[in-house]
Amino acid sequence: MKTILVTGGAGYIGSHTLILLIEAGYNVVVFDNFSNSSIESVRRVEKIVDRAIEVVEGDIRSREDLDRVFKRYKIDAVIHFAGLKAVGESVSEPIKYYENNVYGTINLCKVMSENGCKSIVFSSSATVYGNPASNPIREDFPTGATNPYGRSKLFIEEILRDIFISDNSWRIVILRYFNPVGAYKSGVIGEDPADIPNNLMPFISQTAIGKREYLSVFGDDYDTHDGTGVRDYIHVMDLADGHVKALDKIDSFNRVMTINLGTGKGYSVLDMVKAFERASGVKIPYKIAPRRAGDIATCYADPSYAREILGWEAKRGIEEMCEDSWRWQSNNPNGYR
Ligand code: NAD
Ligand code: UD1
């Protein structure tokens, strides 16, 4: 049985992935500094899978913290979710983002290598495509980020490729996520933004339960079917499944694999509002607001490479994404608090 170190395992995507990893027969060790999460998510996953989960509180920027884990457990591979992800904050505090995301990843790779563990699945983002010339987006499209968060992902991707060039016994999978939404079916775990949400789905669901008065729709004059921004929303459990499939195959990869995880379908802000209203039975008040700086009109994946290489495809549609987000939000109006 392989043991997987899950950095950022208490976070939104990490906690959902734990369930499928355990169901697939992997041993997991969670490594998290809880800067954007709480132990409660892992405790709830323990109830779902009916088993105790090893948790180490530590920081990827600390060699000592990481070394402690690698000495204590025989880690076969790492899924590296740990990172900061707020775009606006990355613009005002770039050093924090480069230190946490880039330096933290370098540190992790160094300690992995010293301990003979050279398999890593890394959380990248569709944000590395910048403003794509066309859609759907293939993995070989040009990259170019527009903010420090996106650049931290691009730098890490390049660093991982250089590590492989220097030592091709590494096994590296870079997963570029489109827009993760939704929650585990039972509604006991989900996305729990610490502050005012940045992303659309948590904003819609907080508006639905009355925590926010209305949703601001950022721009209705884009060149899209209804003028609002179009994105590729992907259910977090489909995303989690992509990680398990990547791990199952990782030993067979002899080059760095860079793979989109998206559905291939684009939905507008207003499409999502309507889908959420149908799923929840609640009216979502909204107002049209100016465009948000740095936003693009349309972004959706060509997911065919993931199908070819991993045998993976997204199965859940936007109705299920909205139903599951709503169940989590309405059962847990204050998240894990
Ligand atoms: P999240 O904030 O819920 O989870 C990240 C976890 O990493 C948190 O539990 C946090 O406490 C932990 N962490 C942060 N810095 C750390 C450090 N220095 N040491 C140890 N732990 C640390 O975010 P998420 O949505 O689950 O995202 C997971 C990964 O996927 C991130 O790398 C993110 O950039 C990437 N990603 C997310 C999205 C999205 O929309 N959610 C999209 C594309 C890519
Ligand atoms: C944002 C980030 C991106 C990150 C991604 C997933 C920016 C500029 N980009 O992308 O780097 O990888 O999240 O974490 O922040 N919207 C509203 N009202 C809201 C919130 C969003 O109308 O209150 C619209 C946006 O304009 C966009 C769509 O909803 O058209 C989706 O927004 P969001 O969930 O923030 O995702 P991205 O814009 O794709």
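**Stop 1: helix H6 and its neighbours**

Start by selecting helix H6 and the elements its buried residues pack against: helix H4 (87–92), helix H5 (94–114), strand E5 (119–125) and strand E6 (171–177). Keep in mind as you click around that this is a predicted model. Which residues of H6 are buried? Show side chains for Pro148, Tyr149, Gly150, Ser152, Lys153, Leu154, Ile156, Glu157, Leu160, Ile163 and Phe164. Note that Lys153 and Glu157 are on that buried list.

Now put a distance label between the end C-alpha atoms of H6 (residues 148–166), and you should get 26 Å. At 1.5 Å a residue, the 19 residues should span 27 Å, so the two values agree.

**Stop 2: back along the loop to Pro136**

Select Pro136, in the loop between E5 and H6. Is the peptide bond from Asn135 to Pro136 cis or trans? Check omega: the value is near 0 degrees, so to speak a textbook reading of cis.**Stop 3: helix H2**

Next, select helix H2 (residues 39–49). Its buried residues are Ser41, Val42, Arg44, Val45, Glu46 and Val49. What covers them? Add helix H1 (12–23), E2, E3 and helix H11 (318–331) to the view, since the cover includes these elements.

Two arginines in H2 are worth a click each. Take Arg44 to begin with: it is buried, with a relative accessible area of 17%, which falls under the 20% cut-off. Leave out neighbours within four places in sequence, and the residues in contact with Arg44 are Val188, Ile189, Trp328, Asn332, Gly335 and Tyr336.

Then move to Arg43, also found in H2. Is Arg43 buried or partly exposed? At a relative accessible area of 35%, Arg43 is partly exposed. Residues up to four places away aside, Arg43 touches Ile53 and Val55. For a sense of scale, draw a line from Arg43 to Ile60: the C-alpha atoms are 22 Å apart, with the two positions 17 residues apart in sequence numbering.

**Stop 4: positive phi on either side of H2**

Step to the residue that follows H2, which is Asp50. What is its phi? The angle is near 55 degrees, a positive value in a residue other than glycine. Asp50 sits in the loop between H2 and strand E3 (54–57), and with a relative accessible area of 70% it is exposed.

Now select Phe34, in the loop between strand E2 (27–32) and H2. Phe34 is not a glycine either, yet its phi is positive, at about 55 degrees.

**Stop 5: Asp238 in helix H8**

Jump to helix H8 (residues 236–249) and pick out Asp238. Is this aspartate buried or exposed? Asp238 has 1% relative accessibility and counts as buried. Which residues are in contact with it, beyond those within four places in sequence? Show Trp312, Ala314, Lys315 and Arg316 around Asp238. If you want a long line across the view, connect Asp238 to Pro132: they are 106 residues apart in sequence and 24 Å apart in space, C-alpha to C-alpha.

**Stop 6: Arg231 in strand E9**

Select strand E9 (residues 230–231), where you'll find Arg231. Arg231 is buried too, with a relative accessible area of 14%. Its contacts, not counting residues up to four places away in sequence, are Asn179, Lys265, Gly266, Tyr267, Asp295, Ile296, Ala297, Thr298 and Cys299. Another line to try runs from Arg231 to Val173, which are 58 residues apart in sequence and 23 Å apart in space, C-alpha to C-alpha.

**Last stop: zoom out**

Clear the selections and look at the whole protein chain. How many helices and strands are there? You should count 11 helices and 14 strands. The radius of gyration is 19 Å, close to the 20 Å that the globule rule gives for 337 residues, so the chain is as compact as a globular protein of that length. Along the principal axes, the C-alpha trace spans about 55 × 45 × 40 Å.

Colour by accessibility, and 57% of the 337 residues count as buried. Switch on the surface: the accessible area comes to about 14,300 Å², and 48% of that belongs to carbon and sulfur atoms. A contact map is a good companion here. Among contacts between residues at least 6 apart in sequence, 80% join residues at least 24 apart.

Finally, colour by charge. How far apart are the mean positions of the positive and negative charges? With 40 positive and 45 negative charges in the protein chain, the two mean positions are 1 Å apart.

Methods: Residues are numbered from 1 along each chain as its sequence is written. Chains are lettered from A and ligands numbered from 1 in the order in which they are written. Side-chain values use heavy atoms; hydrogens and water are left out. Helices (H or I, at least four residues) and strands (E, at least two) are DSSP runs, numbered from the N terminus. The radius of gyration is taken over C-alpha atoms; the globule rule is 2.2 Å times the number of residues to the power 0.38. Buried means under 20% relative accessible area, exposed over 50%, partly exposed in between (1.4 Å probe, protein chains only). Contact means heavy atoms within 4.5 Å. Accessible areas come from the Shrake-Rupley method with a 1.4 Å probe; for residues, only the protein chains shown count as cover. Lys and Arg count as positive and Asp and Glu as negative; His and the chain ends are not counted. The place of a charge is taken as NZ of Lys, CZ of Arg, CG of Asp or CD of Glu. The expected span of a helix is 1.5 Å times one less than its number of residues.
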